[in-house]
Amino acid sequence: MSDKKESLLLRLVKYVLPIFFIFASFGIIVTAFVFKPVPEKKETIQVLPVVEIIEARSKPITLEARSQGIVESRTETLLVAEVTGRIQSISNSFFAGGYFKKGDPLIEIDPVDYRANLALSKSRLAEARLAYEQEKALADQAREDWESFGRGEGSDLTLRKPQLERAKAVYESALAGVEMAKRDLERTTVKAPYDGRIHEKFADIGQMVSARQSQLARIYSTDTAEIRLPISLKDIEYLELPESYSNRSANDTKPRVIVRGSYGGEQYEWEGVIDRTEGAIDPKTRLSYVVAKIEEPYKKNESSDRPPLKVGLFVEASIQGKRIDNAFQIPRKALRENNTVYTVDRESRIVFKDVEVYQTDTEWAIITAGLEDGDRICITPLEYAVMGMRVERESKESIKILKTEIN
């Protein structure tokens with residue numbers, strides 16, 4: 001009997017207990033699923049790119065081309081001694097940087113020998129003139145005698161024609177000698193050929209100089225400064241430059257130019273005109289050259305402390321070009337690939353606009369078509385942009401209204 005109870009107990013443990021554990025586990029799982037905590041729902045926040053916007057305004061725009069160059073003098077001269085001698089005096093302004101006026105004496109060479117030579121030349125002239133006058137009288141007498149006693153035409157020797165020609169030649173030679181002696185005496189005083197300034201001097205008091213060999217100074221004019229400016233062939237399209245032709249016709253348009261130079265840490269401006277266009281294009285750089293002219297570059301401006309526009313100064317130039325009656329000037333960074341501009345509509349969505357670009361430089365782009373007044377242009381660089389993408393504007397206080405200045 002006891003054996004049957006043990007067998008029944010073993011069967012109960014073997015079959016009933018696993019089923020019990022299965023149902024208990026299922027109940028635990030169902031209970032955990034039913035009573036699990038519900039996660040709190042959070043609202044999804046969309047992060048929009050913040051962009052800076054400018055408002056497009058069309059206005060008349062005067063185009064310009066930018067260039068740079070070195071200031072040069074219009075006229076530069078190397079003074080050379082025209083007579084031989086010792087320098088006995090120099091002008092008080094005969095130093096590097098000294099100013100002078102046309103006709104001012106700069107150097108005096110010892111004139112004693114040249115005065116003596118002039119006196120000797122005058123003496124020879126007097127003797128030659130006397131001989132010439134005497135020979136004229138003898139020739140007149142010979143002609144009268146022949147006419148009174150001779151027959152036919154007398155020979156040249158009988159009429160003293162060769163003797164008269166020789167006397168005349170000696171007289172003219174003596175006259176030329178006096179003129180040369182006067183000229184040499186005048187050349188002992190070296191005078192300024194124009195209003196100018198000393199660039200560099202090579203001689204001083206007591207120095208012996210030789211005619212047509214010794215250099216005295218290098219000088220340059222101060223009435224006008226010139227700047228040779230390179231212009232790309234593309235920029236020529238925007239300019240109206242002076243041009244000349246072989247049949248003597250010419251375009252006398254001389255556009256305004258503003259040159260800017262740094263002096264003593266300060267930036268200064270000078271105004272001038274484009275005086276001429278050079279006759280060839282540089283084959284290496286494919287650039288054309290124009291010459292800017294600045295009048296009276298060394299004159300003191302009473303209304304400012306602007307220094308003189310000195311030779312050798314590096315300057316940047318802005319050349320006034322053609323005028324467009326209706327165009328938009330936008331920052332260069334607002335122009336995207338394929339001449340596209342990103343605008344922002346009233347719903348703050350990106351709208352692509354194709355535009356016609358007339359001119360660009362490192363800072364600005366001139367747009368002649370594709371934009372309208374009031375268009376809000378995105379000038380913030382975007383790594384990725386699609387049509388209709390939403391953006392967020394900067395605060396109203398930071399929105400900039402683009403103002404095109406008329407030059």
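These legends walk through several close-up views of a predicted model.

**View 1. How confident is the predictor along the chain?** Across the protein chain the mean pLDDT is 84, and 85% of the residues score at least 70. Among the elements, strand S7 (residues 105-109) has the highest mean pLDDT, at 96, while strand S26 (residues 400-401) has the lowest, at 40. Over residues 396-407 pLDDT stays under 50. The model does give this stretch 26 contacts beyond four places in sequence. Still, where pLDDT is low, the predicted coordinates should not be read in detail.

**View 2. Helices H2 and H3 meet through their buried residues.** Start with helix H2 (112-149), which has 38 residues. From its first C-alpha to its last, H2 reaches 56 Å, close to the 56 Å expected at 1.5 Å a residue. Its buried residues are Tyr114, Leu118, Ser121, Leu125, Ala128, Tyr132, Glu135, Ala139 and Ala142, and they pack against H3. Now turn to helix H3 (residues 161-186), with 26 residues. The end C-alpha atoms of H3 are 38 Å apart, in agreement with the 38 Å it should span at 1.5 Å a residue. Buried in H3 are Gln163, Ala167, Tyr171, Ala174, Val178, Ala181 and Asp184, and H2 is included in what covers them. As you follow the two lists, keep in mind that an α-helix has 3.6 residues a turn, so residues three or four places apart point the same way.

**View 3. Four strands make an open antiparallel sheet.** Reading across the sheet, the order is S4-S11-S9-S6. Strand S4 (76-80) and strand S6 (99-100) are the edges, each pairing on one side only. Inside the sheet, strand S9 (residues 196-201) and strand S11 (residues 215-221) pair over 5 bridges in the antiparallel sense. To find one of these pairings, look for Lys201, whose bridge partner in S11 is Ala217.

**View 4. Strand S23 pairs with both S18 and S22.** Strand S23 (residues 364-369) is joined by 4 bridges to strand S18 (residues 314-331), and the two run antiparallel. Strand S22 (residues 356-360) also runs antiparallel to S23, again with 4 bridges. A hairpin of 3 residues leads from S22 to S23. Which residue of S23 is the bridge partner of Gln329? That partner is Ile366, and Gln359 stands opposite Ile366 too.

**View 5. The largest nonpolar core gathers residues from several strands.** This core has 21 residues. Ile227, Leu229, Val259, Ile274, Leu309 and Ile319 have the most contacts inside it. At least two core residues come from each of strand S3 (59-73), strand S12 (224-232), strand S15 (256-263), strand S16 (266-281), strand S17 (287-295) and S18. The largest share, 4 residues, is supplied by S12. A good place to zoom in is Ile274: beyond its neighbours within four places in sequence, its contacts include Leu229, Leu241, Pro242, Val290, Val291 and Ile319. A second, separate core has 19 residues, among them Leu79, Ala81, Phe100 and Ala203.

**View 6. Salt bridges link parts of the chain.** The count of salt bridges comes to 22. In one of them, the side chains of Asp275 and Arg74 meet at 3.9 Å, N to O. Asp275 sits in strand S16 and Arg74 in the loop between S3 and S4, 201 residues apart. Is Asp275 buried or exposed? Its relative accessibility is 12%, so Asp275 counts as buried, whereas Arg74, at 40%, counts as partly exposed. Both residues belong to a network of salt bridges that also includes Glu226, Lys254, Arg276, Lys293 and Glu295.

**View 7. Two further salt bridges.** The side chains of Glu82 and Arg187 meet at 3.3 Å, N to O. Glu82 is in the loop between S4 and strand S5 (85-90), Arg187 is in the loop between H3 and strand S8 (189-191), and 105 residues separate the pair. Glu82 counts as partly exposed at 40% relative accessibility, and Arg187 counts as partly exposed at 23%. Arg256 and Glu271 form another salt bridge, at 3.0 Å, N to O. Because Arg256 lies in strand S15 and Glu271 in strand S16, this pair ties together parts that are 15 residues apart in sequence. Arg256 has a relative accessible area of 34%, which means partly exposed.

Definitions and conventions: Residues are numbered from 1 along each chain as its sequence is written. This is a predicted model: local features need pLDDT of at least 70, side-chain atom pairs count only at pLDDT 80 or more; totals for chains, interfaces and linings use all residues. Side-chain values use heavy atoms; hydrogens and water are left out. Two strands pair if DSSP finds at least two bridges between them. A nonpolar core is a set of buried Ala, Val, Leu, Ile, Met, Phe, Trp, Tyr and Cys residues joined through side-chain atoms within 4.5 Å. Buried means under 20% relative accessible area, exposed over 50%, partly exposed in between (1.4 Å probe, protein chains only). Contact means heavy atoms within 4.5 Å. The expected span of a helix is 1.5 Å times one less than its number of residues. pLDDT is the predictor's confidence in each residue, from 0 to 100. A salt bridge is a side-chain nitrogen of Lys or Arg within 4 Å of a carboxyl oxygen of Asp or Glu.
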